[in-house]
Amino acid sequence: MITPVSTGRAAPAMPPLPQSDWALFLDIDGTLLDIAETPEAVVVPAALRDHLRLAAAALDGALALVSGRALDSVDRLFDPLRLPAAGQHGSEWRPTPQAMIRPVAVRPLPDDLHDIAAQLAALHPGILVERKSHALAVHYRHAPELGPDLGARLAAALEGRDGLMLMPGRQVWEIKDAGQSKGTAVELFLQQQPFVGRRPVFIGDDRTDEDGFRAVERAGGFALPVGPLSRSWPSRHGFADAHAVRGWLAAFAERAR
């Protein structure tokens, strides 16, 4: 059994392989996949789909993807594999591989916010806007010096708007429904079979994953942080990077095979 504790070490140790009573929640970008120049440029390693399929089978289906991406984007990435999944930071979800995608957020993001983001993108060629139905991401990986100014401008655009929040990520600002998060997505899954009664484990690399971390800890599980987050989140176990996560999943899949 793993007990998360604050060790004060520079980096946590690799975790043991999943146990049969786990419910596993996986972020995608920066966790399963290496961060790319743009969201569309990520590469899904050839073996990853098979390893995820085998891992899900070994956990009796209690494995879900929990992402800031829209679920149609998630499905394109992992096609033909379909898994339980939540997208847009909990604003949409699919409780089982066969289910339809269900919106959770009450209303879509207002069109004028997309217009404001487009105006910001015109300020610099390094700014990329990722439009979603219930969320909006403004990436500034190629213009890091503009991060604080973009955050201030987006915060100003949200003034007086109830139900929305601005969230920082890894060289990205995201606007989303304030009532939904990766944590609320985890809570929804834990009310559904095959996740009910299992020990929840969330793997993520970004501040946007911390809501998921807190949700699994409240439910008696634990977080496995990835990359820089593994040196700030109080956990005994974690991963150096997405490559380490994939290797860990591969080992579990081969054991299950």
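This report walks through a sheet, its helix neighbours and some unusual backbone spots in a predicted model.

**The four-stranded sheet**

Let us start with the sheet, which is open and has four strands in the order β6-β7-β9-β8, paired in the antiparallel sense. Which strands stand at its edges? They are β6 (128-131) and β8 (164-169); each has a single partner strand, so one side of each is left without a neighbour in the sheet. From one strand to the next, the twist averages 15°.

If you would like to look at one pairing in detail, try β6 with β7 (residues 135-139): the two are antiparallel and joined over four bridges. Within this pair, V129 stands opposite V138 of β7.

The sheet also has a helix lying across it. Helix α3 (residues 111-121) crosses over β6, β7, β8 and β9 (172-177), and runs at about 5° to β7.

**A pair of helices**

Next, turn to α5 (residues 182-189) and α6 (residues 210-218). Their axes are 6 Å apart, and the helices pack at an angle of about 35°. The crossing of α5 past α6 is right-handed. Which residues meet here? From α5 come K182, G183, V186 and E187, while α6 brings D211, G212, A215, V216 and R218. Sorted by class, this contact of α5 with α6 has four charged, three nonpolar and two polar residues.

**Backbone spots worth a visit**

The model has a cis peptide bond from D79 to P80, and P80 sits in the loop between α2 (71-78) and β3 (85-87). Another cis bond joins Q193 and P194; here P194 belongs to the loop between α5 and β10 (199-204).

Two residues other than glycine have a positive phi: Q88 and H89. Q88 is in the loop between β3 and β4 (92-94), and H89 lies in the loop between β3 and β4 as well. The table gathers the backbone angles.

| Site | Backbone angle |
|---|---|
| D79 to P80 | omega near 10° |
| Q193 to P194 | omega about 5° |
| Q88 | phi near 50° |
| H89 | phi near 55° |

Are these two loop residues, Q88 and H89, buried or exposed? Q88 has a relative accessibility of 1%, and because buried means under 20%, Q88 counts as buried. H89 also has a relative accessible area of 1%, so H89 is buried by that cut-off.

Methods: Residues are numbered from 1 along each chain as its sequence is written. This is a predicted model: local features need pLDDT of at least 70, side-chain atom pairs count only at pLDDT 80 or more; totals for chains, interfaces and linings use all residues. Side-chain values use heavy atoms; hydrogens and water are left out. Two strands pair if DSSP finds at least two bridges between them. Axes are lines fitted to C-alpha atoms, for helices over the stretch in contact, and angles run from 0 to 180 degrees between N-to-C directions. Contact means heavy atoms within 4.5 Å. A crossing is left-handed if the near helix is turned anticlockwise from the far one by less than a right angle, and right-handed if clockwise. Ala, Val, Leu, Ile, Met, Phe, Trp, Tyr, Cys and Pro count as nonpolar, Asp, Glu, Lys and Arg as charged, and the others, Gly among them, as polar. Buried means under 20% relative accessible area, exposed over 50%, partly exposed in between (1.4 Å probe, protein chains only).
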